[in-house]
Each structure stands twice: as C-alpha cells, then as structure tokens.
Amino acid sequence: MLHLFEKNSELFVSWALVRYESEGISYLLQITAVLPDESRLQIRDYLFPDGNRKYAYYWMEPDGQLRRRWDNAPHWPAIATGPHHMHLAGGELPVQSTVTNLEDLVAFLHEWFAATGSVHTEAVIEYEPVIGLEIHAELLTESKMFCSCLVVDSVTAAPNTAVCPICLGMPGMLPVINRRAVEYALRVALALNCEIQPHNVFARKNYFYPDLPKAYQISQYEQPLARHGWLDIELESGETRRIRIRRVHMEEDTGKLTHRHEGGSLVDFNRSGVPLLEIVTDPDLRSAEEARVYAMKIRQILRYLGVNSGDMEKGVLRVEPNISLRPVGSQKLGTRTELKNLNSFRALAEGTAYELERQAAILQAGGEVVQETRGWHEGRRATFSQRSKEEAHDYRYFPDPDLPPLALAEGWIAVVRAALPELPDTKIARFQQEFELPAYDARVLAEDRSTAEWFEAAVAAGGNPKGVANWLINSLFSLLNEQKQSLEASPLQPAQLVRLIALVDDQTINQTSAKEVLAEMFQTGHAADKIIAARGLDQISNAEALAPIVEKLLANNPDAVAQYRAGKTSLLGWFMGQVMRATQGKANPTLVKELLQKELD
Ligand SMILES: [Zn+2]
C-alpha cells in the first residue's frame, strides 16, 4: 500500500495510528515508516488536552532506540496538520492499537515496523503533486455570446427553444459579440489581478462533436482577454498560497447531450453559444485540498461579481484539473492526466486525490503515466480513461474571419474597474477592523455578498455588530438551511432583527422565546413586538411573580431539595427546567436561578 501525503509531498510506505494513554493524557500518535532503505521510523504526536496543540517528533533508530526531537518546533505546525493526513484516500484512518505505557508502545512499534519493513525493501522516491485548474464559467448575461437568443435555464427550459441560425451554426450567418459578456469577463479578469490585453482576437477551435453543429467553437487562443493574474488562497492550516492565473479568455458553450439508456442520444442546443469564461491557472496547486479551496474561492468571487450563479448542479461552473507527479526537487513536469467536467467541489477533491494515488502507484511500480483525459465515476469513486489527450495543434486554431479583432478602450476598462464591488478578502479584513469581529465571524458573514450586505444593513440600523453577527451565525443560518431559503428571499428585514435583539437585551423576552419569535419573523416578516404580544411571550422578569412558583416547586419536591442540600447541586438545572415549564418558558432564567439559589442555599 502506498500513501501519498498531501502536505509535505513525501511518499511514505506505510502508516498507523496509535492511541497512547499516559497520566490521564491521551496522545494520538501518527506513525509513519519512511524511506525503508534507511530503516527509520518517525512518529508525530498531536496532543490536545488543553486545546493547545503540541508537537513532538520521534525517530526509532535501527537499534530499536526511540529518540525524541523537536518539541514544539516552530517550523513544524505548517506541516503537521493531522486531519489532512488522515483524510487521504477517502475516510478516516482507524486507530490500530491503544497502549497505556511506553514499553507496550515500543513493543507495538517493533512488531509493526518488522511487519512493514519486511514488505518494502526497495528505496522510495519522493514525489510532489503538480496540479493546474481550468474553470469554465457560464456568464449570467441575458442573451448569448454571438446572437440575441435568450440564455435559459438548461435544466427547466424546453429543449431547443432558445436557438437561432447563428447558434445552430447555419452556413453564412454572422456572429456579433455581446458587449455585456465582454464586460462580465473583464470584471473577472480585473478581480483576478490580470493584465488586460486591449487587443483581443477570437479564434476557431476546430473539432467535430454532435453538440457542436458548426464543427468549431469560437474561443480565444493566441490573444486572449487577460494574462498573468493571481489569486491568494488561505489553507486550513492558516497558510496563504498565491496561485498564478495564466489566462482568462472568452468562448461559447456547446450544446448539451443526453445519452439514453435505451440507446441513442438527444441534443439540446439551448446552451449552444452561451457566453463562457475559461480561467486557467499555472500548475501551482500542490494538493487536492488546495485545488478545492482555489475553486471555491473562484466561485465566491464570480458570485460577488454577479457574473455567475455558482449553481454547479446545473453545470454553469465546471472544473477540470490537470494532474501530475514529479520527483521532489525536479523542475520538469511529469506526464499529466486531465479530469473532465467535474461539477462539484467534492468530485474535484476526491477525483484529484484518487488520481494522485493512482499515478503514485504506477510510478512506484516503475511504470509510466499515460497522457490522457479521464472522467470521474461518481458511483465507483474512481477515475476512468476517456480518450488520449489532444494537443493544441490538433485543433487547428485560426482567427475567426467573421469577427474583427476586439479593441478594448482604456477608458472603458477603467470604468469597469471602478465599478468592481468590494471583494471577499477586502471585506473580511474590513469587517475585522471596522466592526472588531473575530476572523471566523468575518469570514462566515462575507461568504456571500448578499449576507454581508444584510449584516451591514443591520449594523446601520443600530445593531451591535457582534450581537448581529451572533444572531446571524447561530440562529438565522440554521433557519435558512432548514427552509432552504436565502436571506434575500426572506421577508425578514435587518432592522427587525435589530429590534428583536434589543428586546432580548432589555429582558422583555428570553433567548428561547426570541428564537421562536425569530422563526416566525423569518416566515411572515411580522414585527417582533407584534408576535410577542400575540403569543404572550413577554418574559416574567419580576421576582414577585416568580417567587410563589419557586416556593411551590420546592414545597412539592422535598426529596429533591434534600438531595440538593446534601451536595447534589447539579439538581439546580432540573429545578430551573421545572420553573421554565411552569411559566411556559417565559421566566427570566437569570432571575429564576437567583431565586432558587436564595431559597436552596
Ligand atoms: Zn441564437
């Protein structure tokens, strides 16, 4: 079994997880046999007894001595992100053994190492993943790229209803460039820090396929819209990586084929000619996880820019990673394979991880990776060969004689740049600074633009930023998920949430009631005050009203009172629950607690 570690890109031969319990502390040891020709073993431990992460690093030498090194090595955390290692190749790695003393641990290691060592005798070359990504994004224009046909929903619209002689590829038809599509493409190129090429040329990419009636796709080749951009991505470890964008170009989408079980295929040309943007990275990504994070961020930016819905199930955003391995230290790229048309982040992460393992196994066995295009089989969770990969020259690109070169005026580029919205990274930084929000809150709120704007509207309506953030993250998001609704589509207004929070703060209602009220506001858009009055939810916050209830409860439960006074103070929660029940949840919990303690202690 070969396992490729994503983070530090080394190839290991075997690994195990052992739980080591000592003096009340549980260590999770990840044990990896490395480079068996050197007969050494490394152990990393991850210790979280107090929420702090600590690291230790051990070697087992050939003489069986266990040596410990690098306690809390400062450079180590970037590498030792446990979950990354344990999620590889699908699924958690099971804990193989639990030991409670060092001798047993050493005995286990000897046994395990002997078994492992006997299997692997050859030297292992370390490989690193090299991954580039092409993302195809349909642009949210009203009409198609080169004709006036409407862009319709490819799932719900009746097939072949939004078509004309131009997008059906009839001879003699003349395409005309959609200005709005160019503007949308330009927004993306600018947001991705690209150099804009003012002189654009559309080219014909020649190939035949039943979903392409012209037998060529209008695309951009030698003179694309933009080059040399970059995007920073933040990994789970907190590390930031800059991914270079090689090019951003405009093209048109093809029709859609449906293969029928009973034989034959159906073609729908509604999608034919829909504006499509292709965003291509340099091969800068080093793991399946990085590829996933990058693709998610591109989707977020496209949605911020209002140029793509991000609805991957409908195929408006498709990801194609090209994947290879090369020996660590080598600058030469290995032979790559390309995964086509992945339409979920999960498929991207799993497909890429699978492909890296598949290639590693081939290379370790002394074989050669074949350059080809592969598909991802969702059911089998495996990649499969589709066809051998074409080279660019196979497409016989040439400038489309029907379309003059497109010159972008500097003034227009400046206008589009000036109208760009605030992008996620800037917004997150501003939320932390301006509203003193924790990084986590800022990130969650800025996840999509409409939520971020809703949040800001609530703050503008007088809400305390952290209070509003808490209500959004802890209560409103779960309502949105339950109801499968967006904040925008809900009748709830930001100022109404601010009012509700004020009613909790001045103790008119308690938290539990407030959550019920919020759920109703979310559904109906009614004001909090109106709902509270209608349901009689005003909190009972005066001691005179609550004291008789507390007294009655204690009188009726002498056993529980005795137990409490004998030291079973955990019963306080039970008493509180009884008072809340007796008041239909309307009692002020702080006051109830005070009254109970006064009576009991
Ligand atoms: Zn058309």
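**A hairpin, a sheet, a helix and two cores**

Strands E16 and E17 form a hairpin with 5 residues between them, and glycine 263 in the turn has a positive phi of about 105°; strands here are DSSP runs (E, at least two residues), as helices are (H or I, at least four), numbered from the N terminus. The model is predicted, with local features needing pLDDT of at least 70 and side-chain atom pairs counting only at pLDDT 80 or more, while totals for chains, interfaces and linings use all residues. Residues are numbered from 1 along each chain as its sequence is written, and side-chain values use heavy atoms, with hydrogens and water left out.

Within the hairpin, E16 (residues 256-259) and E17 (residues 265-268) run antiparallel and are joined by 4 bridges, with threonine 258 standing opposite leucine 266 of E17. Two strands pair if DSSP finds at least two bridges between them, and by that rule an open sheet of 9 strands with mixed pairing has the order E10-E14-E15-E18-E9-E19-E20-E21-E22. Its edge strands, each pairing on one side only, are E10 (195-196) and E22 (382-388). Inside this order, E20 (residues 337-339) and E21 (residues 372-377) run parallel and are joined by 3 bridges; the bridge partner of threonine 337 is glutamate 372 in E21.

Helix H9 (residues 449-460) has 12 residues, which at 1.5 Å a residue should span 16 Å, and this agrees with its end C-alpha atoms being 16 Å apart; the expected span is 1.5 Å times one less than the number of residues. Thr451, Ala452, Trp454, Phe455, Ala458 and Val459 of H9 are buried, that is, under 20% relative accessible area with a 1.4 Å probe and protein chains only. These residues lie on the same side of H9 because they cover an arc of only 160° around the axis, taken from the directions from the helix axis to the C-beta atoms. The buried residues of H9 pack against helices H4 (288-304), H7 (424-434), H8 (439-445), H10 (465-483) and H11 (494-505), where contact means heavy atoms within 4.5 Å.

Phe455 is also among the residues with the most contacts inside the largest nonpolar core, of 104 residues, together with Leu192, Ile279, Tyr294, Leu476 and Leu500. Such a core is a set of buried Ala, Val, Leu, Ile, Met, Phe, Trp, Tyr and Cys residues joined through side-chain atoms within 4.5 Å. This core draws at least three residues from each of domain 2 (129-399) and domain 3 (424-535), with bounds from an automatic or database domain assignment. Apart from it lies another core, of 19 residues, including Leu546 and Phe575.

Definitions and conventions: Buried < 20%, exposed > 50% of the residue type's maximum accessible area, 1.4 Å probe, protein only.
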